[in-house]
Amino acid sequence: MVSTGKADFLSETRAPTVKGVMWVMSLVPLVFVGMRLYVRIYLRRVFGWDDGIAIVAICCLVAYAAVCHVAANLGLGQHLLLVKDNPNKLMEVGLLCNIGETLAIMACTLGKTSFAVTLLRIVVHKWMVFLLWFVIITMNVVNILTALFVFLQCKDPRHLWNPMIPSQCWPSHVFTNFSLFVGAYSGARDFVLALLPWTIVWNLQMKKKEKFGVAFAMSLGIFAGAASIVKTTYLVALSAKADFTWELAPLLIWAAVEDGLAITAASIPALKPLLVRLFPSSTSETYNMAAYPPKQPVPRVFDNTEGDTLTDIGHTTIHDSGSQTAILDPEMAVPASPKLESINMTTEVFVTYNNHGTQQIKGRGLV
């Protein structure tokens, strides 16, 4: 007869939590990506690479939630002592968890890549362009390697979910240590991508309240960085694999939280035109983001192929209230009503450096 203590131990389950968190952290960013696409395609008539990457990211995240949901029905979130009574279910849980880990890694990578590509369209300093490309390249290389190592750590990958199949594998600490490095680097990347918008927005001639609002909206990825740090702490406990069906659940949950926050944060900055349409009296100023690459020819940023370096400072609208807002869309914003009276001054500034180091500044204004 099973003792009361052992019965309580075996009755413990994290499966409902796994299912609930997975679907919440998938459906919420799905709604934000849907609103983002509505703004880009219907309101602004633009569609960029970052939008396409966001679509693939949310597809990976929804697939990740579905896989983990099935795994939770089979035993994920329960103690191994109970699940191993059915070896077939145990092998299915192991296979589904490996597939889920890969989908989670790709969803996280693509979500953060989408936001980095968005930032590429608004930065004006050369060091920012280099930094963003460094983040994009290293982030994708490291995370793709991690996704591959999930299956390549054994010569016969089937050994990962069916220990009865003999195979030589890496020592468990190798993949764990590499995962710890990736988790720490992922968190650091999130903080870099979250702080970079502040350096861009804070130099604009805008009211401090407006600066704070725009910069905060573009730096919500910092919460994904915090989730990444929490997720990384569960990797150490998992390395022993003594009760992996139970111990793996928190790791997968926090991976979903990180992915969902990353994709949501990447979509929020694009929603300003929708908010202006829903609440037209809340603000008189707009900012938009163009597709990358832009649909219309615009001056190239830091292009040395023809011997000159041309910097597109951007479009600036100075309203009668005295604030200055960067217009990141090549199309000029049109007032919602022809009766709306305002005084606007648009200035376009181009700075060109030739091979002799001579600086030429050209500008034109429209009042």
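**Cysteines and one asparagine in a predicted model**

Author: In this predicted model, Cys154 is buried, with a relative accessible area of 5%.

Reader: Why is Cys154 called buried?

Author: Buried means under 20% relative accessible area. Cys154 has 5%, so Cys154 is buried.

Reader: What makes Cys154 and Cys169 a disulfide?

Author: The cut-off for a pair of cysteine sulfur atoms is within 2.5 Å. The sulfur atoms of Cys154 and Cys169 are 1.9 Å apart, so the pair counts as a disulfide. By this rule the count comes to 1 disulfide. Both cysteines lie in the loop between α6 and α7, so the disulfide ties together parts that are 15 residues apart in sequence.

Reader: Why is Cys169 called partly exposed?

Author: Partly exposed lies between the limits of 20% and 50%. Cys169 has a relative accessible area of 34%, and therefore is partly exposed.

Reader: How do you know that the sulfur of Cys68 is too far for a bond?

Author: The closest cysteine sulfur, in Cys97, is 6.4 Å away, and a disulfide needs sulfur atoms within 2.5 Å, so no bond is assigned to Cys68. Cys68 counts as buried, at 2% relative accessibility.

Reader: What keeps Cys60 from a bond with Cys59?

Author: The distance between their sulfur atoms is 7.1 Å, which is too far for a bond because the cut-off is 2.5 Å. Cys60 is buried, with a relative accessible area of 15%.

Reader: Why is Asn143 called buried?

Author: Its relative accessible area is 5%, under the 20% limit, so Asn143 is buried. Asn143 is found in helix α6 and touches residues including Ile105 and Arg189.

How values were computed:
Residues numbered from 1 in each chain as written. Predicted model: local features only at pLDDT ≥ 70, side-chain atom pairs only at ≥ 80, totals over all residues. Heavy atoms only, no water. Helix = DSSP H or I, 4+ residues; strand = E, 2+ residues; numbered from the N terminus. Buried < 20%, exposed > 50% of the residue type's maximum accessible area, 1.4 Å probe, protein only. Contact = heavy atoms within 4.5 Å. Lists of a residue's contacts leave out its neighbours within four places in sequence.
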